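Got the model open in your viewer? Here is a short route through it, one selection at a time.

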Amino acid sequence: MLGLLTLLINATVLYIPITAVPFIYTAPLSGCANFSAYVDPLSPWGIASVYAVSTTGALAQPGLDPYPTPKYVKGQICGDFISVRIDRWRSIGPAVPISVKGTDTLLIYQGVPLEINGTAIVKVKSFTQPQVDGRFYYKISSQVVMGVYVEEYVVYSYAKISAYGIANITYLSLSEDKPDYYLVVPALGVRVDGVKPWTPDFVLWFSPNQTAAVGKPRVVVEQVRIPVAGECNGTATVSNPLERPYQVLVKLDTGEEYALQMYQPPSVVRTWRLSGAEAKTADGKPLPVYMVTTEDGSPVAMCIVEGATYYLYVKVGDTLYRYPATSSSGVLEAYTDLVKPRVVLDYPGFNATATPEVARLGENITVKVYYNDTFVQEYRVKASPLVALNVSRLFVEVRVEDVLGSPIDSFYVYVGGLRFRGQGGTARILPLADPIAVEINGVKYLTRLQPTVRVPTLTQSSFLKIVAAAVAVGGGIAIGFKRRESSAKEDRDRDVLEI
């Protein structure tokens with residue numbers, strides 16, 4: 001993370017890591033609340049804006065206490081959500097010099113916006129609603145008096161104000177060598193000597209618990225010792241409290257050393273004895289841990305330190321994967337993007353193996369499908385916790401007939417070392433090889449694989465058809481002879497009669 005945003009909503013304190021710039025954080029409100037938002041003055045980030053957001057998406061500026069800064073704002077807000085935007089601004093030291101550089105009064109005409117560069121307090125009286133555009137500015141008051149808009153802003157960078165009226169501008173400087181007064185920002189390991197308390201006309205807020213002072217300040221920085229508590233003893237120090245992030249050097253009695261980076265000064269450094277390391281797949285299955293190291297690659301010996309970065313290594317084949325780990329009471333745990341693919345098939349009798357057994361999520365893996373321990377098909381799929389394959393579509397239907405086209409009632413088909421039973425003239429087989437063998441009544445016939453297979457045999461049905469046909473043909477011949485014989489006899493009789 002880049003820094004830390006501290007957000008107080010009523011009695012709830014939130015510590016939000018600043019992970020990118022610009023950075024926007026939104027929290028629920030569900031009504032009205034007192035709030036404050038704080039960014040470390042020594043960090044290069046600032047609070048660019050605070051808005052109340054409704055469920056319809058409408059934005060409204062909260063009422064802020066004078067005089068806010070990009071480091072610290074507070075006030076009251078009403079809405080469904082609070083939205084805080086963080087952007088790049090500037091770092092402020094432990095003693096912030098404040099100088100008042102005078103006041104100007106300017107006329108603002110329609111179509112000619114007023115441009116402000118730097119830090120200033122601007123009071124606008126306008127016959128039209130003022131419109132402001134900029135990066136770091138805050139509206140601290142607003143009212144309408146007899147049709148005139150009276151608004152006050154604090155500007156810390158460039159701002160453009162469009163209005164029709166008068167603007168009173170009080171210019172301020174935050175970097176003068178001879179300021180009117182200083183704002184002393186409390187910081188760990190830092191004290192400011194040579195000043196005395198002062199009550200200025202107005203106070204720009206850079207930090208909670210800040211004080212105003214005059215004099216010739218001398219900033220004294222001292223090394224800070226932080227107690228070490230837990231199962232491992234040692235010492236922890238911050239050598240330069242003005243450095244961001246804080247560099248905390250931890251030396252344990254076991255000889256282990258850690259350099260921690262923190263954006264909030266710790267009150268104590270906690271330790272545990274290393275009691276285990278667990279790596280898990282993306283879906284929570286355990287994986288064997290190859291080794292455990294710190295961020296710089298040093299092996300972990302005996303102790304775990306809160307705030308340190310640890311890595312777990314998982315070895316898959318010849319590849320070593322590294323994953324950041326979280327610690328909980330001495331146990332390091334890391335969730336990985338690795339999976340152990342489980343193959344689910346939609347037809348009984350099949351089984352499958354996935355290679356490799358452990359792979360990264362979405363990586364190409366090889367799945368081999370077997371039927372009764374015989375290799376059937378190979379697939380290239382993406383690794384996931386569950387791989388579902390439709391293997392029933394691998395079957396084809398073969399029709400087996402005798403020489404006359406009658407379906408074989410019961411038979412077996414042998415293909416690629418597998419035997420498939422067929423009935424009613426059809427069999428569902430896996431087309432693993434060509435040719436195939438068809439077994440009928442213990443006799444095997446070798447033939448080619450095709451949708452319809454005819455084997456040189458006769459079913460009982462075909463045999464009966466042949467017999468019936470033969471009988472029918474034989475009777476027809478006999479009747480034909482008899483008819484011819486009778487006709488001849490009649491002819492003979494007629495001949496005789498004629499003679």
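Start with the cysteines: this predicted model comes to two disulfides, counting sulfur pairs within 2.5 Å. Numbered in sequence order, the bonded cysteines pair 1-2, 3-4.

**Stop one: Cys32 and Cys78.** Select both and show their side chains. The sulfur atoms sit 1.9 Å apart and form a disulfide. Look along the S-S bond and you'll find 115 degrees about it, a right-handed link between Cys32 and Cys78. Now color the strands around the pair: Cys32 lies in β3 (residues 23-39) and Cys78 in β7 (residues 72-88), so the bond ties together parts that are 46 residues apart in sequence. Switch on a surface and check Cys78, which is partly exposed at a relative accessible area of 40%.

**Stop two: Cys232 and Cys303.** Jump to this pair next; a disulfide joins Cys232 to Cys303, with 2.0 Å from S to S. What is the torsion about the S-S bond here? For Cys232 and Cys303 the value is about -90 degrees, so this disulfide is left-handed. The link connects distant parts of the chain, 71 residues apart: Cys232 is in the loop between β20 (228-230) and β21 (234-238), while Cys303 belongs to strand β28 (residues 303-305). Are these cysteines buried or exposed? Both Cys232 and Cys303 are buried, each having under 20% relative accessible area.

**Stop three: a three-stranded sheet.** Go back to the cartoon and pick out β9, β14 and β11. In that order they make an open sheet with antiparallel pairing. The edge strands are β9 (114-116) and β11 (131-134), each pairing on one side only. From one strand to the next, the twist averages 15 degrees. For a closer look, select β9 together with β14 (residues 159-162): three bridges join these antiparallel strands. One residue pair to click on is Ile116 and its bridge partner in β14, Ala159.

**Last stop: the cavity.** Rolling a probe the size of a water molecule over the atoms shows where empty space is left. How many cavities of 30 Å³ or more does the structure hold? There is one, and the largest cavity has a volume of about 40 Å³. To frame the largest cavity, select its lining: Gly3, Leu4, Asp40, Ser43, Arg244 and Tyr263. Color those residues by type and the lining divides into two nonpolar, two polar and two charged.

Terms used:
Residues are numbered from 1 along each chain as its sequence is written. This is a predicted model: local features need pLDDT of at least 70, side-chain atom pairs count only at pLDDT 80 or more; totals for chains, interfaces and linings use all residues. Side-chain values use heavy atoms; hydrogens and water are left out. Two strands pair if DSSP finds at least two bridges between them. Helices (H or I, at least four residues) and strands (E, at least two) are DSSP runs, numbered from the N terminus. Axes are lines fitted to C-alpha atoms, for helices over the stretch in contact, and angles run from 0 to 180 degrees between N-to-C directions. On a 1 Å grid over the protein atoms alone, a cavity is a set of points where a 1.4 Å probe fits but cannot get out, and a pocket is an open set with protein on both sides within 12 Å along at least five of seven lines; lining residues have an atom within 4 Å of a point. Grid points are joined across faces, edges and corners, and a volume is the space filled by probe spheres set on the points. Ala, Val, Leu, Ile, Met, Phe, Trp, Tyr, Cys and Pro count as nonpolar, Asp, Glu, Lys and Arg as charged, and the others, Gly among them, as polar. Buried means under 20% relative accessible area, exposed over 50%, partly exposed in between (1.4 Å probe, protein chains only).
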